[in-house]
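Visitor: I've got a structure here and a head full of "why is it called that" questions. Could you walk me through it?

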Amino acid sequence: MHSSSIAYNWETGVYTVTGKNEEFRILQLTDTHICASISTIGTDRKVFDACYALIKEAQPDLIIVTGDLVFPIPLHTFGNDNLKAIGQFCKFMDHIGIPWAMVYGNHDTEIVAKYSAQELSGLYRYYADEANSVMLYADHQPDVYGRYNQYLRIENSDHSLNRIIFLVDSNDYVKGTGKINEYDSVHPDQIQWYEETIDKVCEEEGRQVSSFVFMHIPFRAFADAQEALKNNSSDAVYLFGENGEEVCHPDFDSGFFDVILKKGSTQAVFIGHDHLNNMAVRYKGIDLVYSKSIDYIAYPGISRKTAQRGATLIVLSQDGTYRLEQLHYTK
């Protein structure tokens, strides 16, 4: 289905995905919430049906899943086997045959989950190391906080660099506070890695290089953008979608958005996490994009709702421009 090739640098852990056509298509899926328990066979099947339909519609060259791939919460699902659930998704993607990458969400490694982030990483590496694998999961990662951080290179058909894509772990919950479910944020060493990577790639290319960031939990600027839009501020331009709940960002502002503005490389940030939010706003020149979610189980009654269900398609042109499309799934 896809029109791209994959190369992997064993020293840096960086994958390069090269398009073969004039346009390069990236599909963002988020919050699939696979459970892999006996009680969720029906909802899990709906997840895979939705993913397949959206992939078929989008015809992507690359798929990025922005967290909460699984939902190992026994209270909701009578199961906590996050390894089994991720294995099911990996097998599904193997059959699809399109290169794909992921970032972790807060639910993927819940404290009640059966398996740790280290054990999940072993499963991802197993699939990534298979012959003709389409799973882009690096053996080598930067020595920074988080379960998985890395970047991808996206090349045009002539092997010129179109942009880099940051896969940033927005982490899960703040440790050591005694509070329950207080969301963590991107840590300072992750931000420093982001800055240093941009500087390095720009120096190698001899020019300013464009980039995207994919992560799970929104930072505060997503709420600021929505507020600016309500106040008719010139800082905010509405792109598409709507938000059906509050922006659930960490209490602590990591300053990541300020660094994004300062570096001038990242044109868009793509997230998930809040399942009823799917608005995209261009805020201070940066596209802040909530994707539609897949979730059939985590929110009460959400299996019967469809307005929030779908995905985001990013279409890159070889001249470095791009367009965004919101894809809808009404089942």
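Guide: Sure, starting with Tyr-124. Keep in mind that this is a predicted model. Leaving out residues up to four places away in sequence, Tyr-124 touches Leu-69, Ile-86, Cys-90, Trp-100, Met-102, Tyr-104, Met-135 and Tyr-137.

Visitor: What makes those "touches" count as contacts?

Guide: Contact means heavy atoms within 4.5 Å. Tyr-124 touches Trp-100, for example, and both are among the residues with the most contacts inside the largest nonpolar core, along with Phe-89 and Ile-165. That core has 67 residues. Apart from it lies another core, of 36 residues, including Val-144, Val-213, Phe-257 and Tyr-290.

Visitor: Why are H3 and H4 called roughly parallel?

Guide: Check the angle. Helix H3 (residues 82–96) and helix H4 (residues 117–128) cross at roughly 20 degrees, and their axes come within 10 Å. Angles under 35 degrees count as roughly parallel, so H3 and H4 get that label. The crossing itself is right-handed. On the H3 side, the contact includes Ile-86 and Cys-90, and on the H4 side Leu-123 and Tyr-124 are among the residues taking part.

Visitor: What kinds of residues make up the contact of H3 with H4?

Guide: Seven nonpolar, two polar and three charged.

Visitor: How do you know that H1 is roughly parallel to H3?

Guide: Use that cut-off again. Helix H1 (residues 41–58) packs against H3 at an angle of about 30 degrees, with the axes 12 Å apart. Since angles under 35 degrees count as roughly parallel, H1 is roughly parallel to H3. This crossing is right-handed too. Asp-44, Phe-48, Cys-51, Tyr-52 and Ile-55 in H1 meet Gln-88, Phe-89, Phe-92, Met-93 and Ile-96 in H3. The residues of that contact divide into eight nonpolar, one polar and one charged.

Visitor: Let's switch to Phe-222. Where is Phe-222 found, and why is Phe-222 called buried?

Guide: Phe-222 sits in helix H6 (residues 221–230). Buried means under 20% relative accessible area. Phe-222 has a relative accessible area of 5%, so it's buried.

Visitor: Which residues does Phe-222 touch?

Guide: Not counting residues up to four places away in sequence, Phe-222 touches Val-247, Val-269, Ile-271, Leu-288, Val-289 and Tyr-290. You can also look across to Arg-282, which is 60 residues apart from Phe-222 along the chain. The C-alpha atoms of Phe-222 and Arg-282 are separated by 10.0 Å.

Definitions and conventions:
Residues numbered from 1 in each chain as written. Predicted model: local features only at pLDDT ≥ 70, side-chain atom pairs only at ≥ 80, totals over all residues. Heavy atoms only, no water. Axes fitted to C-alpha atoms, helices over the stretch in contact; angles between N-to-C directions. Helix = DSSP H or I, 4+ residues; strand = E, 2+ residues; numbered from the N terminus. Parallel < 35°, antiparallel > 145°, perpendicular 65-115°, else oblique. Left-handed = near helix turned anticlockwise from the far one by under 90°. Nonpolar A, V, L, I, M, F, W, Y, C, P; charged D, E, K, R; others polar. Core = buried A, V, L, I, M, F, W, Y, C linked by side-chain atoms within 4.5 Å. Buried < 20%, exposed > 50% of the residue type's maximum accessible area, 1.4 Å probe, protein only.
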